[in-house]
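Visitor: I am new to this structure and would like a close look at a single part of it, with its surroundings explained step by step. Please start wherever you think best and lead me on from there.

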Amino acid sequence: MPATAASLTSATEPPGVAAPPVTSSPELDISTAVVVPHKGIGDLIWHLPYIRAIAARSAGGQVTVIARPSSRATELLSAEPTVSRVIEFDRRPRREEGVRGRHDGWREQWSFARELRRLRIGRIYIFSGRFRHGLLARLAGVRHRAGFGFTLTERLFLNAPPYIRRHRGPGNWVYPEATALALAHGLVSVPVVPRLNVPQEMVLTLAAQLADLPRPRYAFAIGSSDRRRNWGTERFAALAEALADTGAGVLLLGGPAEQSLARDIVAAVAPHLRAAVRPLCQASVLVSAAALRNCDFCIGNDTGVLNMAAASGLPSLGLFGASPPLNHDPLLRAVTGATMDQITVNDVLSRTGDLPLLQTPAAARSA
């Protein structure tokens, strides 16, 4: 079972997974934390290679990760041997969650910093351009504080340059800025494409559950935290029907909030093809990741499942009509439109032929 992150003393310690060997370095006795302040699952996944690079230079080959609850870091990193614990910094949850964050007020943040101080963290990497995290790290007594340093205000609370510039190029900015910090600090020599660890026992369990679903098997990422990013029931159903009619299987992936949407998609598929379209909408992101390891391709909204798919080695088509396209992973291609409504089923079908071309022996699914 994944560890909880209700307090600063909780930890994610995956059973039976050994930490990677650590080479000698004067930095290796330093306890290190990494701050990933973004809200999404995909945002967290994009930082994985750099979390690992930092851990390789840290005490015990591991780091503490500080992340938002909505990134699902506690569960998602429970299979990550380079992460010793996950600490949730619960400030300003997503509006649709309708709750106040546990650390929204300055008094709560001061208390957070005092608890963080008890961990005696010696160094912190802050993947953010906001001054707040540097201030909290300083209050927590962290001696070496590295971050983006976009502004003079932010640099007041940082003391470990070099700093980087904001991303001004095309597409989403989160991965390019994380990469820029890692390169600037010599953590990596080239950008590293993220790949996700998933417990093998989960993969095998899902293989048995999905054994009768036809192949090739397409995972559909049907969920979205933003309604503007959702392609919609009618189009997903038409695409599922078209693929099922070719003999393929379709797995509808999402969280509990997508259960009704998944049922509607299945109901809109022609009755004789419905057996080839199966919903799997449940709470565990690792179960979804294990299901993806048993699929061949992924198509879907700009959401966490799409990013988990690419990070699991699946050739994927992302639908980008309300957000900048992602271009960090050669396995992830974008289908774009001015809005999601302007991306047609034929647009997507015409691109599905590209997906097998993205497969490599290492990425091909054999489960």
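Guide: Let us begin with one glycine, glycine 141, which sits just after helix α5 and takes a positive phi of about 80°. Please keep in mind throughout that this is a predicted model, so every statement here describes the prediction. The helix that comes just before glycine 141, α5, spans residues 131–139, and within α5 the residues Arg132, His133, Gly134, Leu135, Leu136 and Ala137 are buried. As for what lies over them, the cover of these buried residues includes two strands on either side of α5 in the numbering, β4 (123–126) and β5 (144–147), together with strand β1 (32–36) and helix α4 (106–117).

From α5 we can turn to two places where helices meet. Helix α9, residues 233–245, and helix α13, residues 345–352, have axes that come within 10 Å and cross at roughly 40°, which makes α9 oblique to α13. The crossing in which α9 passes α13 is right-handed. On the α9 side the contact is made by Arg235, Ala238, Leu239, Ala242 and Leu243, and on the α13 side by Val345, Val348 and Leu349. Sorted by class, this contact of α9 with α13 holds seven nonpolar residues, one charged residue and no polar residue.

The second meeting involves helix α11, residues 285–292, and helix α12, residues 304–311, whose axes come within 9 Å and cross at roughly 50°; α11 and α12 are therefore oblique to each other. The crossing of α11 and α12 is right-handed. Here Val285, Ser288, Ala289 and Leu292 of α11 meet Val305, Met308 and Ala309 of α12, and by class the contact of α11 with α12 has six nonpolar residues, one polar residue and no charged residue.

Finally, a word on confidence, which should accompany any reading of the picture. The chain averages a pLDDT of 88, and 87% of the residues score at least 70. Over residues 1–26, however, the pLDDT stays under 50, and for this stretch the model has 47 contacts beyond four places in sequence. Over residues 361–367 the pLDDT is also below 50, and that stretch has 15 contacts in the model beyond near neighbours in sequence.

Note on methods. Residues are numbered from 1 along each chain as its sequence is written. This is a predicted model: local features need pLDDT of at least 70, side-chain atom pairs count only at pLDDT 80 or more; totals for chains, interfaces and linings use all residues. Side-chain values use heavy atoms; hydrogens and water are left out. Axes are lines fitted to C-alpha atoms, for helices over the stretch in contact, and angles run from 0 to 180 degrees between N-to-C directions. Helices (H or I, at least four residues) and strands (E, at least two) are DSSP runs, numbered from the N terminus. Angles under 35 degrees count as roughly parallel, over 145 as roughly antiparallel, 65 to 115 as roughly perpendicular and the rest as oblique. A crossing is left-handed if the near helix is turned anticlockwise from the far one by less than a right angle, and right-handed if clockwise. Contact means heavy atoms within 4.5 Å. Ala, Val, Leu, Ile, Met, Phe, Trp, Tyr, Cys and Pro count as nonpolar, Asp, Glu, Lys and Arg as charged, and the others, Gly among them, as polar. pLDDT is the predictor's confidence in each residue, from 0 to 100. Buried means under 20% relative accessible area, exposed over 50%, partly exposed in between (1.4 Å probe, protein chains only).
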